[in-house]
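Let's take a walk through a fold together. Keep the viewer open and follow along as we go.

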Amino acid sequence: MIFNEWTYALFLLLGVLGFACVPARLRTLWLALCGSAFYSFYGGLWLGVFVLEILVSRFYRPRGRIALLGVVQAVLILTVVKYGAFFGNTLGALLGPGVIPPVPPFALPLGLSFFIFEFIHYAADRYQGRAKPQSVIDYAAFILFFPTMVAGPIKRVQDFSESVGRAEVNADHLWAGLWRIGQGLFKKAVIADNLNIFLEYAFSPVTAEGARVWTLWFYMIIYAGRIYLDFSAYSD
C-alpha cells in the first residue's frame, strides 16, 4: 500500500470519508484506528512498539526522568534494530572467529527513523515543558498518522493537535488536497522514476568506467535531484 498504488488511494478515500462523517470528538480516534490498520498491512507485530511508546509517554513530566528514559528508549530501538547486526558482527570479527556467533540483520520496520524521531521529539518537548500532555487517543493519532509514517515529513505534536482541532472537510480543502497529491504523483511517477531508469544506465560499471569527470558530476547532480523529488513527492 505505497502512496502511488490504488490500494492506498482507496484507503485514503475511506480515511477522509470517515474523518468527515464522525463527530469532531471522535476524529482522533478515527485517525488512530486508520494508522493502526495501515501499519498492520506491513507488519502488525511492530504495532507493539507504538503501544509501548504510548504507555511510557503517559508518565512524561517536565524535567522528569521518565521523559529522559523515553528519549533513551527511542534511541536504543533505532540503534539496535538498524545497526545491531553491524555492531555485533564487527565486534565478533575483532574478537576472532567463534567468540560471538554471526548476528542476522533485523527486518527493518517501515518508516523506522521517522516515527522514532517523533517519539524523541515528544519526550524531549515534554521534558522541556514545550508540549502539553496528550490523551492516549490524541497521542496515538499523532504517532500513527498514516500519511507521514512511511516517509515523513517529521511533524510536531503541537502543530498536529492544533491542525486536527480546526480541520474542516469542504470542497476547497478537498480540491487543494487532490491538487497537492497530483503534484506528488507527477514528481514520483513521471519524473523521479524515469530519472531512476536513466541512472541505472549511467551508474552501470561499463558506463561509469568510460565516463569523464564532468559527466560523472552530471550523473551525481541528476541523482541528487531524483532523491529530492522522491521525498518531495512523498511529502506532497
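What follows goes from the overall layout to the core, then to two bent helices and a few single residues.

A word on the ground rules: this is a predicted model, in which local features need pLDDT of at least 70 and side-chain atom pairs count only at pLDDT 80 or more, while totals for chains, interfaces and linings use all residues. Residues are numbered from 1 along each chain as its sequence is written, and side-chain values use heavy atoms, with hydrogens and water left out.

Start with the big picture. The chain has 10 helices and 0 strands; here helices (H or I, at least four residues) and strands (E, at least two) are DSSP runs, numbered from the N terminus. Along the principal axes, the C-alpha atoms fill a box of roughly 65 × 55 × 30 Å. Of the 236 residues in the chain, 35% are buried, where buried is under 20% relative accessible area, exposed is over 50% and partly exposed lies in between (1.4 Å probe, protein chains only). Now look at contacts, meaning heavy atoms within 4.5 Å. Among those with a separation of 6 or more, 70% come from residues 24 or more positions apart.

Next, the middle. In soluble globular proteins, nonpolar side chains tend to be buried together. A nonpolar core is counted here as a set of buried Ala, Val, Leu, Ile, Met, Phe, Trp, Tyr and Cys residues joined through side-chain atoms within 4.5 Å. The largest one has 41 residues, and F38, F50, I116, F119 and I143 have the most contacts inside it. Two or more residues apiece come from α1 (6-21), α2, α3, α4, α5, α6 (136-143) and α7 (157-166). The largest share, 7 residues, is from α5. If you want one residue to click on, try F119: leaving out residues up to four places away in sequence, F119 touches V49, F50, E53, A74, Y139 and I143.

Now for the bent helices. How far apart are the end C-alpha atoms of α4, with its 31 residues? They are only 36 Å apart, short of the 45 Å that a straight helix would reach at 1.5 Å a residue (the expected span is 1.5 Å times one less than the number of residues). There is also a kink of about 70° in α4, centred on Y83; the bend at a residue is the angle between axes fitted to the seven residues ending there and the seven starting there. The buried residues of α4 include A67, G70, A74, I77, L78 and V81. An α-helix has 3.6 residues a turn, so residues three or four places apart point the same way. The buried residues of α4 pack against α3 and α5 (112-127). Just after α4 comes G96, with a positive phi near 110°.

Helix α8 (residues 171-202) bends too, by about 30° at A192. Its 32 residues reach 45 Å from first C-alpha to last, close to the 46 Å expected. G184, K188, A192, L199 and A202 are buried in α8, and the buried residues pack against α9 (205-209) and α10 (213-235). At the N-terminal end, N170 acts as a cap, with a side-chain oxygen 3.2 Å from the backbone nitrogen of D172.

A few polar side chains deserve a look as well. T28, in helix α2 (residues 27-43), is buried at a relative accessible area of 16%. Its side chain makes a polar contact of 3.0 Å with that of D138; such a contact is a pair of N or O atoms within 3.5 Å, and within protein one must be able to donate a hydrogen and the other to accept it, with residues adjacent in sequence counting only if both atoms are side-chain atoms. Q134 sits in the loop between α5 and α6 and is buried at 12% relative accessibility. The side chain of Q134 reaches the backbone oxygen of K132 at 3.3 Å.

Why are there 0 disulfides? A disulfide would be a pair of cysteine sulfur atoms within 2.5 Å, but the sulfur of C21 is 12 Å from the closest cysteine sulfur, in C34, too far for a bond. C21 is exposed at 65%, whereas C34 is buried at 7%.
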